[in-house]
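Colleague: I should be grateful for a close look at a single part of this model. Please take the annotated binding site and the surroundings of the residues listed for it.

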Amino acid sequence: MNNADLIRRDLDVLWHPCTQMKDHETNPPVPIKRGKGVWLEDYDGREFIDAVSSWWVNLFGHANPRINARIREQMEQLEHVILAGFSHEPVVELSERLVDLAPEGLTRAFYADNGSSAIEVALKMSFHYWLNRGQSQKTRFVALTGSYHGETLGALSVGHVPLYRETYGPLLLEAIHAPSPDCYHREPGEDCAEYAERQFAEMERILAENADEVCAVVVEPLVQCVGGMRMHDPVYLERLREACDRYGIHLIADEIAVGFGRTGTMFACEQAGITPDFMCLSKGLTAGYLPLAATLTTEEVYCAFYDDFNNLTAFLHSHSFTGNPLGCAAALATLDIFAEDEVIESNRRKAEVMGEAMAPLNDHPKVAEVRQTGMILAAEMSPDPANRTAYPWQERRGLHVYRHGLENRALLRPLGNVVYLMPPYVISEEEIHHLARVATEGIDIATRD
Ligand SMILES: *Cc1c(COP(=O)(O)O)cnc(C)c1O
C-alpha cells in the first residue's frame, strides 16, 4: 500500500469532515499509516509533527504505551454495557476523579460520546432545570460572538462562527449573542482586563434585560479556539459568574478544547476562580484516544430532577455509547499520566519554549499579534498589522502555511489567517523549534504579495 493507492480508494467512497471535497483534486488527503509520540507517518514514509494534536484531542502522543495498555486490559474485561440501570468500575472511578479535579461544587457527571452532545446535554439540562423549578418561560441562551460549541443543531445555535452557522440559520434556535471579550480588538493602550471589563457592560445589559427568559450563558473560558484562538482576560469570567448568580441564570463552561491543561491549568475556569453550573468536557478527556464526553454539574441541578417517577421530572436523555468502558479506561490512564508526570508543572517550561520560539514573529511585517495562553500559541497574519485588518478569506492565506508544513514535516492547519501551535504535551524543545521555524517560513510565503 502506498499513498497514491489509498488516496484513490479514499476519494471513491469517502466524504471528509469540514471539507470541500473538490479541494482534494489539488490537495489530496494525507493517508496516515501510523503514529508515534508527536509524529505521524504516511504510506510513503513521510513524517509530520502533529502540531494540532489531531484536532486538539491528543495530549500524550500517538500510540502512548500507558494508554494502550490500559485500554487493552479493559477490552479483555468489558468493552461496553448499557449505562441505564447498569454500571461499571471505570465509569464510577472516572466520575469520582473528575468530581475531585473539577472546580469545587461540580459533583455529578453525565456522559455522552462527543463534545457537541455534551453541549446539547448542558443546554437541555439547564432548560429542564428551570422547567422543573416552575420557570417555563426560561427558554433562551446567551453566547458570545466568535464562539464555537459544536455542529449539532443546538450547539450550532449557540455558536457564532458564520462559516459553520449561516447556511443552517433557518433550522437554529434563536440565541442571543453578546460581544466577545476577545482581546485582539482592544484599543491601543488598553490592556486585556480593561477591554474585558468594557465588553462585559453589554453582557450585563443583555442579562438585565432578558433575565426572565434566559436559561444559561455558554462560554469557552479564556480561549475561543475555532473562532481563531482568540483570548480574553479571566476577569470576564469572574464578572459573568457574579452576574449569572445575581440574575438567576446558569453558566455553562465549554472546556471541550481548553480543558485538561491546554491553558496552563487543568481547567481554564480555575484561572478565574469560578465554578460554572455546567462544565462540558471531551477531546483531551481520553487524551485523544476514544470518543467520550462528560457534562459535569452541581448537586443543586441534580436535585431538581430527583423525584418520584410519576412526577416526570427525570432527564430522559441518552446516547448508545454513554459512559463507554473503553473510553473511561483511556480517560483514567490520562488522569494517571497527569498525576504521575506532573504534567501541568512540566508544561510550564514547554509553554515558555513555545513563546520564545515564536517571539520573533512579533516583528514580522505581516503579523498583527502573537498571543499565548498556556500550551496554545497563535500568530495572526494581517496585511496591515497596525490596523489589524484581515486578509479576505477568499485568498486562503493559511493554505500556503498548511502546504509548506506538509513539505517540511509539520502538520499545521491554520484557522483562516491564524497560524497556531497546540501540540501534544510530549513534544520536545527541539520539535517545538522545528515547528516554529516551519510556521515562520510558512507565514513568510503566505504573506509575500
Ligand atoms: C470541538 C469543540 C466542540 C465540539 O466537539 P465535537 O466532539 O467535535 O462534537 C465544542 N466546543 C468546543 C469549544 C470545541 O472546541
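Modeller: The account below begins with the annotation, turns to individual residues, and ends with a pocket. Please bear in mind throughout that this is a predicted model.

The starting point is a record. An unreviewed UniProt entry lists Gly115, Ser116, Asp254, His319 and Ser320 under "binding site". Of these residues, His319 and Ser320 are included in the lining of the second largest pocket.

Let us consider histidine 319 in detail. This residue is placed in the loop between helix 10, which spans 299-303, and helix 11, which spans 325-340. Its relative accessibility is 23%, and because values from 20% to 50% fall between buried and exposed, histidine 319 counts as partly exposed. Leaving aside residues up to four places away in sequence, histidine 319 touches Ala112, Asp113 and Ser117. In addition, the side chain of histidine 319 makes a polar contact of 2.9 Å with the side chain of histidine 317.

Serine 320 is likewise found in the loop between helix 10 and helix 11. Its relative accessible area is 65%; the cut-off for exposed is over 50%, and serine 320 is therefore exposed.

One of the contacts of histidine 319 deserves a description of its own. Serine 117 belongs to helix 5, which covers residues 115-132. With a relative accessibility of 7%, serine 117 is counted as buried, since the limit for that class is under 20%. When residues up to four places away in sequence are not counted, serine 117 touches Ala112 and His319. Ala112 is also among the residues that histidine 319 touches.

We may now turn to the pocket itself. The second largest pocket has a volume of about 860 Å³. It is lined by 28 residues, and the closest to its centre are Leu83, Ala109, Phe110, Tyr302 and Phe315. Which elements give two or more residues to this lining? They are helix 4 (89-101), strand 4 (106-112) and helix 10. Strand 4 supplies the largest share, with 5 residues. By residue class, the lining of the second largest pocket consists of 16 nonpolar, 9 polar and 3 charged residues.

To draw the parts together, the lining of this pocket includes the annotated residues His319 and Ser320. Histidine 319 is partly exposed, whereas serine 320 is exposed and serine 117, which touches His319, is buried.

Conventions. Residues numbered from 1 in each chain as written. Predicted model: local features only at pLDDT ≥ 70, side-chain atom pairs only at ≥ 80, totals over all residues. Heavy atoms only, no water. UniProt positions renumbered as here; feature names shortened; annotations may be inferred. 1 Å grid on protein atoms, 1.4 Å probe; cavity = no way out; pocket = protein on both sides within 12 Å on 5 of 7 lines; lining within 4 Å. Helix = DSSP H or I, 4+ residues; strand = E, 2+ residues; numbered from the N terminus. Buried < 20%, exposed > 50% of the residue type's maximum accessible area, 1.4 Å probe, protein only. Contact = heavy atoms within 4.5 Å. Polar contact = N/O pair within 3.5 Å; in protein donor to acceptor, adjacent residues only side chain to side chain. Points joined across faces, edges and corners; volume = space filled by probe spheres on them. Nonpolar A, V, L, I, M, F, W, Y, C, P; charged D, E, K, R; others polar.
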